[in-house]
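This report walks through one protein model for a reader who has not seen it before. Please keep the sequence and the 3D view at hand while reading.

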Amino acid sequence: MNFKQLEAFHAIMLSGSTTGAAERLGLSQPAISRLLAQLEEDLALRLFVREKGRLSPTAEAHALLHDAQGLMDSAQCFRRHAEQLRLGGFKRRLLKVAVPSTLATTLMPVLARRFMQAHPDVVLEVLSGSYNDAERALLSRDADIGLVRLPMEMPGLATRARLDSEAVCIMPKGHPLERLNEVGATDLIDASLILLGRQRQIRHDIDMAFRQRRVQPRVALEVHSISEACAHVAQGLGVSIVNALLAQHCPHGAIASRPFRPRIAYQLGIATVAQAAASPLHDTFTQLLVEGLVLPPGDAGAATAQPA
């Protein structure tokens, strides 16, 4: 029996499948299956049975889950202790924050300056990526706080604050669409569109809006972050439909925005792992992040925040 096997077992119990466990741990599904088989062999216990194509934990698996959770927590404490020693010993604290790539180079440097001025004894680590990356980082304890899309896809997380937003159409300055008070799907019949990749939820919502208006969109470019969409729009390559909350943090010198109709609503959340111990440091940064998100410079759109 080794730690990787226990980690795979714990991930399967939380996610309910080897596929979900593989996504959480960044491994392949066959690798998770092999680790589980090895663990069952080493323990001489049947931990899961397959019913109608799904894994169901046995009574033995449920009995061992609490012990597995304790081992995962102990391993995380060991890792955090090692990080503290690497960063300068016991007197320095470490706070890890996971945010979308769009915010990592725009909003986060501003917030980091404010936070570090008030907390010079804290080392701040910023992780960037997709919303799923943030969820995985929280669950693996690689992040303490994460900005995620709601509803969250992975169990085991709790929301500390919610932020409501909606879609806006962004365009180059001087574009004919800038004369409109709001942009509808029918206004984009002949427009070159720069849209987020098909695997994202916002893309599904946008495609549905066009279908409802019987409009065939002309997709010129597909990108994978709002900052990329803003950069391409600024170059005059087309227009895009993005979440107003994040679009507010793109450089505004060359782009304008208008509300998109039919309205597409979005909800983001600031999350931590469920049952996380109360931390004034987490509360402070959560409040700082909320304020930075809902009261940014620019005119891309409005957003509101509320406690979870």
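Arginine 141 counts as partly exposed, because its relative accessibility is 24%, and partly exposed covers the range between under 20% and over 50%. The residue belongs to the loop between helix 7 and strand 5. Its phi is near 65°, which is a positive value in a residue other than glycine. The model described here is predicted.

Alanine 44 is another residue with a positive phi that is not a glycine, in this case about 55°. This alanine comes after helix 3 and sits in the loop between helix 3 and strand 1. Is alanine 44 buried or exposed? Alanine 44 is exposed, because its relative accessible area is 67%, and the cut-off for exposed is over 50%. Most residues other than glycine have a negative phi, and most peptide bonds are trans.

Two peptide bonds in the model are cis, and the table lists them with their omega values.

| Residues joined | Omega | Location of the proline |
|---|---|---|
| Leucine 150 and proline 151 | about -5° | Loop between strand 5 (145-149) and strand 6 |
| Arginine 261 and proline 262 | about 10° | Loop between strand 11 (255-261) and strand 12 (265-273) |

**The whole chain**

The protein has 308 residues, and buried residues make up 45% of them. Its secondary structure comes to 11 helices and 13 strands. Along the principal axes, the C-alpha trace spans about 70 × 55 × 30 Å. Among contacts with a separation of 6 or more, 74% are between residues 24 or more positions apart.

The average pLDDT of the protein is 87, and 92% of the residues score at least 70. Over residues 298-303 the pLDDT is below 50, and this stretch has 18 contacts in the model beyond near neighbours in sequence.

**Helix 3**

Does the length of helix 3 agree or disagree with the expected span? Helix 3 covers residues 29-43, which makes 15 residues. At 1.5 Å a residue these should span 21 Å, and the end C-alpha atoms are 21 Å apart, so the two values agree.

The buried residues of helix 3 include Ala31, Ile32, Leu35, Leu36, Leu39 and Glu40. Among the elements that cover the buried residues of this helix are helix 1 (3-15), helix 2 (18-25), strand 1 (48-51) and strand 2 (54-57).

**Phenylalanine 285 and the cores**

The largest nonpolar core holds 62 residues. Which of them touch the most other members? They are Leu95, Leu188 and Phe285. Leaving aside neighbours within four places in sequence, phenylalanine 285 is in contact with Leu95, Val97, Met108, Phe115, Leu124 and Ile145. A second, separate core has 18 residues, including Phe9, Ala11, Ala22 and Leu47.

A search of the whole structure finds three aromatic pairs. One of them is formed by phenylalanine 115 and phenylalanine 285, with 5.1 Å from centre to centre and 80° between the planes. The pair counts as edge-to-face, because the planes are over 60 degrees apart. Phenylalanine 115 is in helix 6 (residues 107-118) and phenylalanine 285 in helix 11 (residues 280-294), so the pair links distant parts of the chain, 170 residues apart. Both phenylalanine 115 and phenylalanine 285 are buried.

**Two further buried residues**

Alanine 137 lies in helix 7, which runs over residues 131-139. Its relative accessibility is 9%, so alanine 137 counts as buried, the cut-off being under 20%. Not counting residues up to four places away in sequence, alanine 137 touches Asp142 and Ala143. Lysine 96 is 41 residues from alanine 137 along the chain, and their C-alpha atoms are separated by 9.5 Å.

Serine 165 is part of strand 6, residues 157-172. With a relative accessibility of 4%, serine 165 counts as buried. Where does the side chain of serine 165 reach? The side chain reaches the backbone nitrogen of leucine 245, at 3.1 Å.

Definitions and conventions: Residues numbered from 1 in each chain as written. Heavy atoms only, no water. Phe/Tyr/Trp six-rings, centres within 6.5 Å; stacked < 30°, edge-to-face > 60°. Helix = DSSP H or I, 4+ residues; strand = E, 2+ residues; numbered from the N terminus. Buried < 20%, exposed > 50% of the residue type's maximum accessible area, 1.4 Å probe, protein only. pLDDT = per-residue confidence, 0-100. Contact = heavy atoms within 4.5 Å. Core = buried A, V, L, I, M, F, W, Y, C linked by side-chain atoms within 4.5 Å. Expected span 1.5 Å × (residues − 1). Polar contact = N/O pair within 3.5 Å; in protein donor to acceptor, adjacent residues only side chain to side chain.
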